[in-house]
Amino acid sequence: MDQQSKMLIQNIKYTLLMRPVFNMAALFSDETENYVSPMEPKPGDTVKIRIRTQKDNADCVYFISGALKEEMKLEFTEGRFDYYMIEIEAGTEPIYYYFEIQDGQARCFYNKCGVSRDLQQSKSFCISPGFSTPDWAKGAVMYQIFTDRFCNGDKTNDVLDKEYIYIGEPTHQVKDWNKVPAHMGVREFYGGDLQGVMDKLDYLQDLGVEVVYFNPLFVSPSNHKYDIQDYDYIDPHFGKIVSDEGELVRDWEQDNIRATRYINRVTGLDNLEASNELFVTLVEELHRRGMKVILDGVFNHCGSFNKWMDRERIYEHQESYEKGAFITADSPYRTFFKFQNEHEWPYNQFYDGWWGHATLPKLNYEESPKLEDYIIRIAKKWVSPPYNVDGWRLDVAADLGFSQEYNHTFWRRFRKAVKEANPNAIILAEHYGDPSSWLRGDQWDTVMNYDAFMEPMTWFFTGMEKHSDDYQPGMLGNADSFMGAMTYHMASMMAPSLQVAMNELSNHDHSRFLTRTNGKVGRVSTLGSGAASEGVKPEVMREAVVMQMTWPGAPTVYYGDEAGVCGFTDPDNRRTYPWGSEDQQMIAFHKSIIALHKKYPVLTHGSLKFLHGSYNCLAYGRFSRKCQIAVVFNNNTSECEIRIPVWQIGVTNRQVMRRIFLTDASGFTEEAAVYPVLSGEMTITMAGTSAVILIAEDPSEESTS
């Protein structure tokens with residue numbers, strides 16, 4: 001063969017390898033029921049797995065799982081797409097897989113991060129046989145209540161001035177419900193309680209709430225109650241005080257030994273049992289209304305007031321309680337904590353505190369099977385009759401124990417116990433960072449979704465860090481960064497976890513989202529509380545809520561966000577609900593968008609695909625073969641035109657896109673508008689700071705979702 005012929009053949013080969021053989025935008029698969037059936041298989045089930053390609057665009061499609069590489073069958077063709085399928089039998093171990101697509105000599109790979117040439121930057125799909133999350137939680141609208149600040153329904157259980165000493169100073173009863181929290185307001189109590197929640201159930205139901213998540217409710221000396229004093233009982237300050245005797249602390253006293261009013265309120269069985277009974281009544285009423293209840297479980301640490309430790313000597317002279325580990329080395333709870341000095345009793349101060357805080361004793365599970373058994377009993381108790389709670393949110397769950405090995409071992413036992421007691425209970429963990437080692441089907445169900453929702457969403461719409469501690473103009477409106485972060489972090493969760501992930505804009509640990517829209521960097525200690533509401537942009541928050549209600553997962557409203565509450569990070573984010581002075585437009589907006597979220601099953605169970613990304617502009621589809629919805633955002637203050645390739649979510653040229661929701665700087669509307677689909681695309685002119693939701697339908701028919 002002469003040199004010229006060799007060169008020609010090389011050029012032909014190069015052209016074949018480099019030509020755009022595949023329509024990359026047509027390739028699609030995920031772990032939802034559209035592409036994995038059943039989505040939550042049991043061991044022994046036959047599972048059908050699909051991938052979509054452009055019609056007539058692939059010679060071979062392979063399913064690859066470990067050493068297995070098997071050619072998939074062309075199952076059917078629909079519109080622009082071919083659907084390839086393989087059936088496999090589920091065993092007992094997780095199934096990790098990806099796809100290889102070939103056309104001639106060209107090939108590419110596809111998995112959870114999309115298309116690649118070599119898979120080095122991709123993550124495999126995963127099915128874990130036997131792992132399922134509760135159906136009621138998939139896409140459920142949750143509402144987080146920080147109880148002390150929601151509604152005061154019972155004045156007789158309010159924490160009193162000088163009722164006890166907390167972190168060196170006496171407690172303070174706030175008389176003015178509308179007062180903003182003090183910078184160091186750890187001893188301030190506003191009086192919100194369970195009766196207040198009971199009084200507002202009509203409001204929550206009208207809003208569209210499906211699940212109430214409570215910050216901790218158990219006996220605790222703080223207003224936030226993350227330093228548990230007694231896991232067996234609801235705090236009577238939230239519940240009922242039927243016996244109310246004793247003295248307040250005197251001005252000269254530095255401890256709680258003689259805080260007999262407090263001691264009687266929180267250690268007397270009559271008050272404790274009455275409070276538990278009230279909680280049972282509340283849960284029963286929530287269930288009667290079709291709502292679920294999630295409790296906050298703080299199991300990594302307890303509080304220095306806790307009856308096991310009793311640093312405050314609350315229980316020392318109570319005949320019905322054992323001596324705490326602080327009091328004596330002979331305490332039955334001695335092994336519950338890790339003491340550093342074995343020769344300091346009585347009143348041994350040298351124990352491990354979480355992050356060094358003496359008020360938060362770290363629980364010593366590895367050296368105390370009795371402690372582990374106790375907490376497992378607590379885990380089962382509250383999800384069982386008569387309480388029948390529907391799940392746990394787990395505080396700082398990755399920190400529990402003194403090693404990662406034990407941490408995983410504990411959560412496996414916790415899951416087994418909870419699911420045996422209540423198979424439909426959810427286990428939802430607070431976690432920052434990659435949660436995948438806990439989300440393999442044997443530990444947590446899901447997480448509070450910081451990495452794959454709150455953080456990327458906040459950066460895109462506001463350019464702000466979630467505590468309002470930083471502003472980065474390069475992140476504001478950065479669609480590439482948003483799409484990359486969302487794709488990467490969502491790949492850490494299997495579909496059952498993703499569909500129940502808690503998607504929040506705000507919560508008790510971070511600044512209110514509405515405050516983030518003003519771009520002010522700082523906290524109440526540096527800027528003052530008034531700055532939190534200066535220059536805020538409700539229209540930007542409405543954009544973010546549209547995303548929250550159309551994104552995979554469980555949209556979770558932090559109490560008062562729907563009413564226009566502002567606030568920098570803790571404690572300013574814990575302002576009271578503004579009864580009587582709510583932002584009525586924001587409430588009406590939330591009612592409408594929540595109703596829309598609940599109306600279309602594709603928003604809770606459908607697939608997700610990005611359709612457009614440019615500076616301050618974004619579009620994605622939520623879709624199945626039966627229903628296609630496009631969501632479009634223009635976060636610029638000026639008008640812009642966006643072209644959306646809706647063919648990628650299965651919209652055909654015979655269909656139109658009908659607008660079903662719009663929010664912009666002037667407000668919001670559900671008034672319809674119709675946009676034609678030409679060559680698989682639609683073009684829309686977006687007003688400044690706006691979001692639009694559109695649904696595909698045949699011009700002569702109404703959409704059925």
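These are my notebook entries on a sheet, a pair of helices and one buried asparagine in a predicted model.

I keep in mind that local features need pLDDT of at least 70 and side-chain atom pairs count only at pLDDT 80 or more, while totals for chains, interfaces and linings use all residues. Residues are numbered from 1 along each chain as its sequence is written, and side-chain values use heavy atoms, with hydrogens and water left out.

**Sheet.** I looked up the open sheet of 8 strands and found the order β22-β21-β20-β19-β16-β11-β24-β23, with parallel pairing; strands are DSSP runs of E, at least two residues, helices are runs of H or I, at least four, and two strands pair if DSSP finds at least two bridges between them. β22 (446-447) and β23 (502-504) stand at the edges with a single partner strand each, so one side of each has no neighbour in the sheet. Further in, I noted that β19 (residues 292-297) pairs with β20 (residues 391-394) over 3 bridges in the parallel sense, and that L295 stands opposite W392 in β20.

**Helices.** I then turned to α4 (residues 260-267) and α5 (residues 269-288), which pack at about 50 degrees with axes 5 Å apart; axes are lines fitted to C-alpha atoms, for helices over the stretch in contact, and angles run from 0 to 180 degrees between N-to-C directions.

**N634.** Last, I looked up N634, which has its place in strand β27 (residues 628-634) and is buried, with a relative accessible area of 0% (buried means under 20%, exposed over 50%, partly exposed in between, with a 1.4 Å probe and protein chains only). A polar atom of the N634 side chain lies 3.0 Å from the backbone oxygen of S638.

Terms used:
A polar contact is a pair of N or O atoms within 3.5 Å; within protein, one must be able to donate a hydrogen and the other to accept it, and residues adjacent in sequence count only if both atoms are side-chain atoms.
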